[in-house]
Amino acid sequence: NATTTSTTVSGLSLGTAYSFGVVALNAFGMSPLSEESDPLYTSPRPPGQPTAPRFLSVAARVLEICWDPPGFDGGSAISSYVVELQPLGGDFRQWGPVP
């Protein structure tokens with residue numbers, strides 16, 4: 001009688017999404033595959049989204065902004081941020097990295 005209904009799956013690739021399904025076996029054969037799980041990612045993976053930037057101060061040709069870090073770091077410490085800015089009617093460009 002199989003009473004264990006959990007296992008540890010090892011040897012997976014880092015930062016990869018996996019979904020899982022299970023079949024049951026007995027002396028007469030194999031069951032249909034269970035419904036698949038939602039995809040789960042192994043760590044590390046990309047971090048979550050930081051909050052929208054907020055303005056702290058404004059001066060001639062200088063804006064000071066701040067933001068809150070993402071709620072999820074992806075399983076690895078945040079090493080830096082890249083700020084993207086867009087003049088009205090223009091294209092986004094990167095400014096940074098911000099350590």
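The following exchange explains the terms applied to this predicted model.

Analyst: The structure is a predicted model, in which local features need pLDDT of at least 70 and side-chain atom pairs count only at pLDDT 80 or more, while totals for chains, interfaces and linings use all residues. Residues are numbered from 1 along each chain as its sequence is written, and side-chain values use heavy atoms, with hydrogens and water left out.

User: What makes Asp 68 and Arg 54 a salt bridge?

Analyst: A salt bridge requires a side-chain nitrogen of Lys or Arg within 4 Å of a carboxyl oxygen of Asp or Glu. The side chains of Asp 68 and Arg 54 meet at 3.5 Å, N to O, so the criterion of within 4 Å is met. The pair links distant parts of the chain, with Asp 68 in the loop between S6 and S7 and Arg 54 in strand S5, 14 residues apart. A search of the whole structure finds one salt bridge.

User: Why is Asp 68 called partly exposed?

Analyst: Buried means under 20% relative accessible area, exposed means over 50%, and partly exposed lies in between (1.4 Å probe, protein chains only). Asp 68 has 37% relative accessibility and therefore counts as partly exposed. Arg 54, also at 37%, counts as partly exposed.

User: Why is the pair of Trp 67 and Tyr 81 called edge-to-face?

Analyst: Rings of Phe, Tyr and Trp (its six-membered ring) pair if their centres lie within 6.5 Å; planes under 30 degrees apart count as stacked, over 60 as edge-to-face and the rest as tilted. The ring centres of Trp 67 and Tyr 81 are 5.4 Å apart and the planes stand at 70°, so the pair is edge-to-face. Trp 67 lies in the loop between S6 and S7 and Tyr 81 in strand S7, so the contact ties together parts 14 residues apart in sequence. Trp 67 is partly exposed, with a relative accessible area of 22%.

User: How do you know that S5 and S6 pair?

Analyst: Strands are DSSP runs (E, at least two residues), numbered from the N terminus. Two strands pair if DSSP finds at least two bridges between them. Five bridges join S5 (residues 54–59) to S6, and the two run antiparallel, so the requirement of at least two bridges is met. In S6, Leu 63 is the bridge partner of Val 58. S5 and S6 form a hairpin with two residues between them, and Arg 61 in the turn has a positive phi of about 65°.

Definitions and conventions:
Helices (H or I, at least four residues) and strands (E, at least two) are DSSP runs, numbered from the N terminus.
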